[in-house]
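Welcome! Please take a look at the sequence and the model, and then try the exercises at your own pace.

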Amino acid sequence: MNWFQRTKHWWIELDEIAGVATIARRYFVMSGFDGILTMVGLTVGSFLARIDSPRLIIATGLSTAIAMGVSGLWGAFISERSERKHDLLEMESAMLVSLNKTRINQIRRQAIIVLSLVNGLAPFVSALICLTPFMFAGWLGGIKTAYYLSFALITLVIFCFGIFLGKISDEHLVFSGLKMLMAGVACVAILWMVEIV
């Protein structure tokens, strides 16, 4: 059995015993979407404030992305650990036996780590994607191009999240993507209104 087959077998077992796939999808979308909308706030706010320093935007964006990542990872770890410990205790109570040294407990621990990583990495990675143009602002011909490219990436990532959800719920993919984009549009509209008040 090669590495890919072992990993696939492990993932199937993890999902069958701990129901990881559904929760991981939910964490991925919710936390990734949080990361994207936070970057909408940062980039649109910076654009409206006419901030022309890529370094300032990168520093602010990276520190925000790291904070979101740590918060997501730690929050998921604490909540998943508590919930899964509670479930294990209920199972032990019903079976009248300790499950500490069983495969079930091993899978429970692995599920906590996997879900914590998903919840922590999703907002960090999605935020990082949106910051990428500012890292190459000099090569792109200036800060204005970096802003526009970042807005395009934000739009694309939000739309992709919508398509991902549409595929899961068997909805029309484009319609699902557009529904997701409405949140981004609403966020931009609110920021613009705040700016002109």
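Three short exercises follow, each with a worked solution.

This is a predicted model, where local features need pLDDT of at least 70, side-chain atom pairs count only at pLDDT 80 or more, and totals for chains, interfaces and linings use all residues. Residues are numbered from 1 along each chain as its sequence is written, and side-chain values use heavy atoms, leaving out hydrogens and water.

**Exercise 1.** Find Ser-31 and decide: is it buried or exposed?

Solution. Start with helix 2 (residues 20-48), where Ser-31 sits; helices are DSSP runs of H or I with at least four residues, numbered from the N terminus. Next, take its relative accessibility of 9%. Buried means under 20% relative accessible area, exposed over 50%, and partly exposed in between (1.4 Å probe, protein chains only). Ser-31 is therefore buried. Finally, look for its contacts (heavy atoms within 4.5 Å): leaving aside residues up to four places away in sequence, Ser-31 touches Asn-119, Ala-122 and Pro-123.

**Exercise 2.** Place Leu-121 and classify its accessibility.

Solution. First, locate Leu-121 in helix 4. Then use its value: Leu-121 counts as partly exposed because its relative accessibility is 48%.

**Exercise 3.** Which residues does Phe-134 touch, beyond those up to four places away in sequence?

Solution. Begin on one side of the sequence, with Thr-43, Pro-54, Ile-57 and Ile-58 among the residues touched by Phe-134. Then add Ile-143, Ala-146, Tyr-147 and Ser-150, which Phe-134 touches as well.

Conventions
Helix = DSSP H or I, 4+ residues; strand = E, 2+ residues; numbered from the N terminus.
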